[in-house]
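Dear colleague,

I am handing over the structure below, followed by what was found in it. Please read these notes with the model open beside you.

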Amino acid sequence: MIEEFKKFIMRGNILDMAIGIVIGASFTKIVNSFVEDILMPPIGLILSGIDFSNIFIVIKKGISDAGPYTSIEAAKQAGAVVIGFGVFINTIISFFITALAIFMIIKIFNKMREKMVKKEKEEKESEEKICPYCCSSVNIKAVKCPHCTSDLNK
């Protein structure tokens, strides 16, 4: 069982997946910091100084303090039940930025792969010719078609 587990762990796609998860987690932290620390403060300033992370609704007042609460953390520490939809807005914005970044990375990757495939196709075409008799692809140096045995040097 230990040997099977070692084989399973050492497979290439498992390692690739693990690396992708670690990089994805780090990327998520970067995007969250971008949204919370760089993007949302100017938006909040434009909207009369609103801090989206502190937009919340108190459903039930706290046991130790009846409010009003200056922040969502203060409300939670007082034992209040809150809906933090401002944090939810930040999370949605983070999601869209992450999705856009991933889309751009995939778009760039696909463009690079398309160029590689095109280059390989051009190289293959430069090494091949078409038999005029059977229309098969034949090596450029061939003097006889391997498919229909016609002479190609005519």
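In this predicted model, the sulfur of Cys145 has its closest cysteine sulfur in Cys134, at 3.5 Å, and because a disulfide requires the two sulfur atoms to be within 2.5 Å, that separation is too far for a bond. Cys145 itself is buried, with a relative accessible area of 2%. For Cys135 the closest cysteine sulfur is again that of Cys134, here 6.8 Å away and likewise too far for a bond, while Cys135 is exposed, with a relative accessible area of 59%. In keeping with this, a search of the whole structure finds zero disulfides.

Turning to the surface, there is a nonpolar patch of about 870 Å², made by Ile57, Ile59, Val81, Ile83, Phe85, Phe88, Ile92, Phe95 and Phe96. At least two residues of this patch come from each of strand E1 (57-60), strand E2 (81-83) and helix H4 (85-126), and the largest share, five residues, is supplied by H4. One of the patch residues is Phe88, which is placed in helix H4 and is exposed, with a relative accessible area of 52%.

Two other members of the patch, Phe95 and Phe96, deserve a separate word. The structure holds one aromatic pair, and Phe95 and Phe96 form it in an edge-to-face arrangement, with 5.5 Å from centre to centre and 65 degrees between the planes. Both of these residues, Phe95 and Phe96, are exposed.

With kind regards

Definitions and conventions. Residues are numbered from 1 along each chain as its sequence is written. This is a predicted model: local features need pLDDT of at least 70, side-chain atom pairs count only at pLDDT 80 or more; totals for chains, interfaces and linings use all residues. Side-chain values use heavy atoms; hydrogens and water are left out. Rings of Phe, Tyr and Trp (its six-membered ring) pair if their centres lie within 6.5 Å; planes under 30 degrees apart count as stacked, over 60 as edge-to-face and the rest as tilted. Buried means under 20% relative accessible area, exposed over 50%, partly exposed in between (1.4 Å probe, protein chains only). Patches are made of residues with over 30% relative accessible area and no salt bridge: like charges are joined within 9 Å, nonpolar side chains (Val, Leu, Ile, Met, Phe, Trp, Tyr) within 5 Å. Accessible areas come from the Shrake-Rupley method with a 1.4 Å probe; for residues, only the protein chains shown count as cover. A salt bridge is a side-chain nitrogen of Lys or Arg within 4 Å of a carboxyl oxygen of Asp or Glu. Helices (H or I, at least four residues) and strands (E, at least two) are DSSP runs, numbered from the N terminus.
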